[in-house]
Amino acid sequence: MDCCGIADHHVGNGVCGCCGALRPRYKRLVDNIFPEDAEDGLVKANMEKLTFYALSAPEKLDRIGAYLAERLSRDVARHRYGYVCIAMEALDQLLMACHCQSINLFVESFLKMVAKLLESDKAALQILGTNSFIKFANIEEDTPSYHRSYDFFVSRFSEMCHSGHDDVTDRTKIRMAGIKGLQGVVRKTVNDELQANIWEPQHMDKIVPSLLFNLQQAEETESRSPSPLQATEKEKESPAAVAEGCLRELLGRAAYGNIKNAIKPVLMHLDNHSLWEPKLFAVRCFKIIMYSVQSQHSHLVIQQLVGHLDANSKSVAKVRTGIVEVLSESAVIAAGGSVGPTVLEVFNTLLRHLRLSIDYELTGKYDSTTNVSNQIIKEHEERIFQEAVIKTIGSTATRDNGNRMIQLMLLKSLLQVTIGFQSNNLLATLPTSFLEPLLSTSLMEDAEHRLLVIEILLSLIDRQGNRHKFSHVSIVPDISVLMLKVDKCSRQDTLFMKKHSQTLYRYIYMSCKQENNSHIHYDALYAMLALISVELANEEVVVDLIRVVLALQELSFTNEDNLPVWTRCAIHALCSAYLNLISQLTSLPAFCQNIQQVIEVRRKEALYLLPEGVFEDENSVPNSMDRLEKDLLFLQSKISEVLAGSGYSSDRLGIPYIPQFTEEDRLSKRKSIGETISLQVEVESRNSPEKEEKMPAEEITYETLKKAIDGGAMEEQERERRRQVVEKFQKAPFEEIAAHCGARATILQSKLNQIFEITIRPPPSPSGTITAGYGQMQSRSVPVYEMKFPDLCVY
């Protein structure tokens with residue numbers, strides 16, 4: 001044995017002992033792959049002989065592996081690292097070449113050698129062992145393993161991910177090796193049912209935090225490129241980039257039953273390191289998660305977040321706010337997958353936490369059963385949390401593929417919250433982030449949705465308890481019997497209307513023309529007009545509301561939208577009821593007299609234009625409604641005259657109200673903005689009842705009768721006339737247009753101003769306009785490439 005030991009000691013240097021010829025062949029073949037000088041590298045010719053021998057006698061493979069492991073351990077102990085590298089290279093080549101029944105025992109030897117290298121304190125050996133393990137992980141073995149364990153590798157690679165090596169370069173290399181090693185473990189075990197389950201908590205609790213740690217380090221120390229396409233090669237090979245790729249791969253492989261164990265460590269990591277506030281890292285983590293898990297499993301992630309919010313119900317507001325905002329971001333992504341009943345769970349949870357937050361704010365403590373509070377309740381932080389909850393509920397419920405019943409439940413819940421709610425400042429109660437999603441829902445085709453939204457707005461606007469006094473559209477002879485409570489419009493209310501009035505006006509205008517409206521919709525819209533007049537009206541608002549109502553009358557009169565007769569009559573009835581109310585609210589005798597005259601004429605000659613004829617006796621509604629005589633209509637010229645005599649702005653009243661166009665309008669194939677404005681100017685000059693008396697009576701001749709019979713020719717002429725009008729406004733210089741319009745220069749200028757405003761700024765959001773009055777805009781910068789230009793400006 002001594003001779004053999006001496007031979008073993010010298011064989012690496014090419015010296016044969018007296019017993020060399022007696023050594024087993026596999027040992028001699030192994031010894032021969034090592035050169036006299038380690039710098040010369042693996043002896044390739046001898047390596048080919050060893051590989052051929054292993055393939056010819058696979059039963060010797062386990063002995064070859066054990067002997068190589070023995071040599072490697074000895075070389076590591078003697079710090080002969082060159083020979084260590086040669087041994088690992090030989091092992092790698094044997095692994096790649098041999099796939100026999102006895103491979104398992106060889107693998108055991110190989111893994112012992114890898115473990116030996118990973119336990120070293122030398123960065124180079126750790127990286128060497130990791131690289132070999134990664135090559136092994138990519139091999140598909142022909143024979144299953146019943147007893148192999150990777151627990152050590154999970155623990156060691158996770159430890160390497162947290163390396164605190166003094167040398168920055170070595171620390172980075174070790175961390176990257178650890179991440180790639182974990183990736184190798186996952187690939188090797190995730191699809192092998194005979195392996196230890198990598199999804200067990202004891203493994204996930206090590207793997208996931210290790211990956212998040214490296215992602216977190218990047219957030220703190222690196223400035224990431226805004227786009228992966230712009231990332232440098234260094235960033236692509238950084239620990240953060242490799243960790244993100246590994247996390248995505250891990251989550252992408254997770255089956256239904258494994259999602260919980262993969263997500264729980266993420267939540268614990270964010271808790272332990274106080275990463276919910278600020279929320280940026282938490283949001284980034286869950287975006288990675290939501291885009292990586294299989295879409296049919298996305299609702300499980302939402303459930304985990306909801307459960308974590310429940311677990312943190314008594315945590316400080318900042319933590320709860322962070323969780324809710326992450327939930328909001330995740331729910332939007334999950335909307336493209338299968339959310340299922342989780343939506344209901346999310347709503348119920350958020351509403352419950354909203355109530356808890358209000359209780360915390362009112363009581364000043366988290367536990368109502370004791371008088372001792374361990375933490376101080378900060379009112380403004382609770383308010384921020386409440387806003388986050390409301391935003392999350394809205395963004396989840398109003399998505400395009402949202403379930404109708406869920407949306408109805410949300411709106412009904414919101415209505416119950418608003419009933420009895422007293423708001424001193426509508427700017428705070430109805431911020432843009434809440435008002436716009438709410439109003440965008442109101443213009444959906446679903447009639448029940450629209451009615452609920454109107455009722456919600458009425459509950460918030462009605463602060464004097466006047467809502468029940470406007471329960472039905474009706475002509476009230478004397479509004480003093482209503483005993484209205486009217487307070488002076490506050491500064492906050494004025495600011496609210498400056499910011500949101502155009503949004504509300506458009507909403508009222510668009511809601512009135514919905515064909516599936518019933519009488520209860522017009523009751524609610526009448527209440528909306530009335531409450532705005534009572535609660536929020538100053539002189540400018542009164543004038544604008546009259547303009548909106550006159551525009552509705554014009555809409556029904558011209559019927560360009562081909563509305564049903566009953567809808568047209570209902571709009572006329574709504575206009576008459578509101579003008580009767582506002583004329584009495586302004587306390588202007590001339591105004592009241594003018595409105596009452598028209599109402600009396602309608603009562604005698606056209607009852608179907610009044611509330612009692614439309615909503616109480618629907619049999620009075622005619623089958624068709626021909627052109628109405630001017631004495632049946634409220635004329636803008638006469639209203640302007642009586643209001644101007646009392647100091648109101650007749651110029652503003654003389655500008656017809658036109659609702660701002662949104663992307664939704666364009667998608668619904670309405671006319672282009674340029675065509676609509678051009679045609680409206682022409683239509684007003686021809687069809688307005690106020691201008692009929694100025695038009696000379698047309699002489700009836702044979703030619704006119706012939707044209708009337710020849711409908712096709714008339715339609716062609718009409719199309720040509722419209723084309724000429726549009727072309728004129730597109731190509732003619734301003735001076736020629738102004739000269740052509742003559743007396744209508746004021747109206748024309750307003751149209752051109754609107755075109756100019758639309759051209760130099762982006763269109764308003766889908767729920768309403770961006771403007772607040774005239775000449776005021778919200779300070780929201782939009783890139784030029786996102787702007788939507790009218791057809792008039794595009795050629």
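User: How many aromatic pairs does a search of the whole structure find?

Analyst: First, the basis: this is a predicted model, where local features need pLDDT of at least 70, side-chain atom pairs count only at pLDDT 80 or more, and totals for chains, interfaces and linings use all residues. Residues are numbered from 1 along each chain as its sequence is written, and side-chain values use heavy atoms, without hydrogens and water. The search gives 15 aromatic pairs.

User: Why is the pair of F133 and Y150 called edge-to-face?

Analyst: Their ring centres are 6.3 Å apart and their planes differ by 75°. Rings of Phe, Tyr and Trp (its six-membered ring) pair if their centres lie within 6.5 Å; planes under 30 degrees apart are stacked, over 60 edge-to-face, the rest tilted. Both conditions hold, so the label is edge-to-face.

User: Where do F133 and Y150 sit along the chain?

Analyst: F133 is in helix α7 (residues 123-137). Y150 is in the loop between α7 and α8 (151-161), 17 residues from F133. Helices here are DSSP runs (H or I, at least four residues; strands are E, at least two), numbered from the N terminus. F133 and Y150 are both buried.

User: What makes the pair of Y150 and F153 tilted?

Analyst: The angle between the planes is 50°, with 6.3 Å centre to centre. That angle is neither stacked nor edge-to-face, so tilted is what remains.

User: How do you know that Y150 is buried?

Analyst: Its relative accessible area is 3%. Buried means under 20%, exposed over 50%, partly exposed in between (1.4 Å probe, protein chains only). So Y150 qualifies. F153 is also buried, at 3%. Ring pairs join Y150 and F153 with F110, F133, F136, F152 and F157 in a cluster.

User: What makes K188 a charge over the ring of F136?

Analyst: The charged end of K188 is 4.4 Å from the ring centre. The rule asks for NZ of Lys or CZ of Arg within 6 Å of the centre and within 35 degrees of the ring normal. R71 sits over F34 in this sense too, with its charged end 4.0 Å from the ring centre.

User: How many disulfides does the search find, and what about C575?

Analyst: There are 0 disulfides. For C575, the nearest cysteine sulfur is that of C512, 7.2 Å away. A disulfide needs two cysteine sulfur atoms within 2.5 Å, so C575 is in none. C575 is buried, at 2% relative accessibility.

User: How do you know that the span of helix α25 agrees with expectation?

Analyst: The expected span is 1.5 Å times one less than the number of residues. For the 20 residues of α25 (residues 539-558) that gives 28 Å, and the end C-alpha atoms are 29 Å apart, which agrees. Of those 20 residues, 16 are buried, and α25 is mostly covered. N559 follows α25, with a positive phi near 55°.

User: Why is α16 called largely enclosed?

Analyst: Because 13 of its 18 residues are buried. Helix α16 (residues 317-334) reaches 25 Å, close to the 26 Å expected.

User: Is H297 buried or exposed, and which residues does H297 contact?

Analyst: H297 has 8% relative accessibility, so it is buried. H297 lies in the loop between α14 (280-292) and α15 (298-311). Contact means heavy atoms within 4.5 Å. Beyond neighbours within four places in sequence, H297 touches A254, A255, Y256 and I259.
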